[in-house]
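Work through the exercises below with the sequence and the structure open beside you. Try each task before reading its solution.

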Amino acid sequence: MRRPSVRSVAPGLLAGGLFALAVTAWSPVRADVPVVDDAGARALASTLKSGLTRWMPPGTDDSDVSFEWDGEPTVKVSGDHYDIALPRLAAESDGLRIEVGTVLLSVTPRDGGQFGVSVTLPNKILVQSFDEQEEDYKDAATVTLGRQSFSGVWSAALETMLTMDGTFNDVAVTSPDGKGGLTIGGVVLKQDLKADGPTTWSGPSNFAFSNIIATDEKKRDVFKMAGLSVENTYTRADFSRINALQTMAQRVSATGKPPKVAEILPVLRGTIAGFDSRFTLSGLSGTDPSDGTKIDLGHLSVSTGVAALDQDFSTISAGLSARDFTMTPLAAPVAFVPKTVEVGLSVAKLPNAALWQGVSDLALSMEASAEPKPKKGDKAKTAPAPATPLPTPDAVIARTMAALVDAGAELRLDALKVETPATTGTATGAMRVAPKSDFGVVGGVTILLKGLDAAAKALQPAPGKKLDKDAQDALGMIGMLQAMGQISKDESGAELRSYKIELTEAGQLLLNGGDMAPLLGGPQTSAPTPAPADAGKPKK
């Protein structure tokens, strides 16, 4: 087998495509329930034959991935549904070949142009890679599936899965020689989109892995993970626009010619009102067999979100939380190893219309600058100049910054917490753009520290030993923080030190109300002393 002309692509594209092609090739939109009969089976088989190569086409010189269908689909009537066997499927991309095999489908027509779909994947999938000469394939791994189920509801009008409920148990990836592998106790997929407008849908779409174990060539555990999940929630996703974008993508695949920016922008705007996404892992344990280093992490969560894109002002947010981290051997004194870390950031009051106009103008400007310049004497027709000249990138950025100022856009530190056995620190605050201030922004942040005395005590050397330079520097920093903070008590009576940092319109940097300029080596920036009442009068 010779090397195919394909480029690299994420293998995950394959799995998503298999679920989507269940009824994309044959989707008559009817209000009533279509009759399941032999004529319908023949029509479905004929449409699948051409539709499969449209959604999962063979490769070309410019393809990222190449799909190979061996045979023709078969469709049989079975009561109120069709039983479908797709041709044997294989996928190739840059030295990797996945022999998927035969995928079985069950399609049940419903009213309103919807279809119940169930999918059964082969119990064994072969993965191959190039040999050292990069000419022939050799077996690289085998993926086996235990008990599995996948069902959902497909909308012909929207060309998407409205609901999904899938479970794949006892998944294993093994090497040909049996040395090293990966096992996954279970994979779960869930989706439930509901209409909340004529063409918009909202709801969750999640997947999760549980009990993941990787072993090395000596069958020793390299890492374990109790769970890994990705949870997404979509708000007012407009599938009429999403379908239009998919049609453009299919046209690009067929012609190799990308659409113009002016064609994409009107469709792209309003595609979705917002989304939230959260990646979470739990019970992670990793070991390096070569030196015995071990790392454990009880919980890690990373989140992102965008809200109110279809309103006047939107908000972008991001967050991270982690807890129960340990490392053996420790890279720092146990008193300073973080037990909990939490971070929450957001950018609020973003003017959607102004930002969209800025993005549009920059995209059009970049497209125009990328157009090849006609050579001298070239009679080829050039694109007509726009009726209104495009603004320069500098002008677009200046206009957008002015809109952010007018809107009062803010960068917010919604939460920051770091907790160690010795100390706990938290911070919250917000900043907004203020071009006329010395710092370009105004706002403030409040920091609370607890346990500085315990931290200083933890750094003290054992009896008979001296402080090293790092410990001396750390003690010096702790001493400065103790001197600068305002002392108070928390609810438990523990001592707190607080630091309120402010950037003012007058260009002041304040700490707990005091001017920080002298500490930073600059002149004081307090308000100037008023002139005497008789200033400027002639002397007698």
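**Exercise 1: An asparagine in a strand**

Task: State whether Asn-211 is buried, partly exposed or exposed.

Solution. Asn-211 has a relative accessible area of 49%. Buried means under 20%, exposed over 50%, and partly exposed in between, with a 1.4 Å probe and protein chains only. Asn-211 is therefore partly exposed. Next, locate the residue: Asn-211 belongs to strand E14, residues 200-215. Helices (H or I, at least four residues) and strands (E, at least two) are DSSP runs, numbered from the N terminus. Last, check the backbone: Asn-211 is not a glycine, yet its phi is positive, about 50°.

The model is predicted, so local features need pLDDT of at least 70 and side-chain atom pairs pLDDT 80 or more, while totals for chains, interfaces and linings use all residues. Residues are numbered from 1 along each chain as its sequence is written, and side-chain values use heavy atoms, leaving out hydrogens and water.

**Exercise 2: A second asparagine**

Task: Find where Asn-512 lies and classify its exposure.

Solution. Asn-512 sits in the loop between strand E25 (509-511) and strand E26 (514-515). Its relative accessible area is 22%, so Asn-512 is partly exposed. The phi of Asn-512 is positive, about 50°, although the residue is not a glycine.

**Exercise 3: Three strands in a row**

Task: Describe how E17 pairs with E16 and with E18.

Solution. Start with E16 (residues 274-287) and E17 (residues 294-307): they pair in the antiparallel sense over twelve bridges. Two strands pair if DSSP finds at least two bridges between them. One pair to find is Gly-286 and its bridge partner Ile-295 in E17. The two strands form a hairpin with six residues between them, and Gly-292 in the turn has a positive phi of about 80°.

Now take E18 (residues 313-328). E17 and E18 run antiparallel and are joined by 13 bridges. Their hairpin has five residues between the strands, and Ala-308 takes a positive phi near 65°. Across this pairing, Val-302 stands opposite Leu-320.

**Exercise 4: A surface patch**

Task: Which residues make the nonpolar surface patch of about 200 Å²?

Solution. The patch is made by Phe-279, Val-302 and Leu-320. Patches consist of residues with over 30% relative accessible area and no salt bridge; like charges are joined within 9 Å, and nonpolar side chains (Val, Leu, Ile, Met, Phe, Trp, Tyr) within 5 Å. A salt bridge is a side-chain nitrogen of Lys or Arg within 4 Å of a carboxyl oxygen of Asp or Glu. Areas come from the Shrake-Rupley method with a 1.4 Å probe, and for residues only the protein chains shown count as cover. Val-302, in strand E17, has a relative accessible area of 34%, so it is partly exposed.

**Exercise 5: A glutamate in a strand**

Task: Is Glu-92 buried or exposed, and which side chain does its side chain contact?

Solution. First, place Glu-92 in strand E4 (residues 88-93). With a relative accessible area of 9%, Glu-92 is buried. Its side chain makes a polar contact with the side chain of Arg-97, at 2.2 Å. A polar contact is a pair of N or O atoms within 3.5 Å; within protein, one must be able to donate a hydrogen and the other to accept it, and residues adjacent in sequence count only if both atoms are side-chain atoms.

**Exercise 6: A cis peptide bond**

Task: Which two residues does the cis peptide bond join?

Solution. The bond joins Thr-328 and Pro-329, with omega about 0°. Pro-329 lies in the loop between E18 and strand E19 (340-351).
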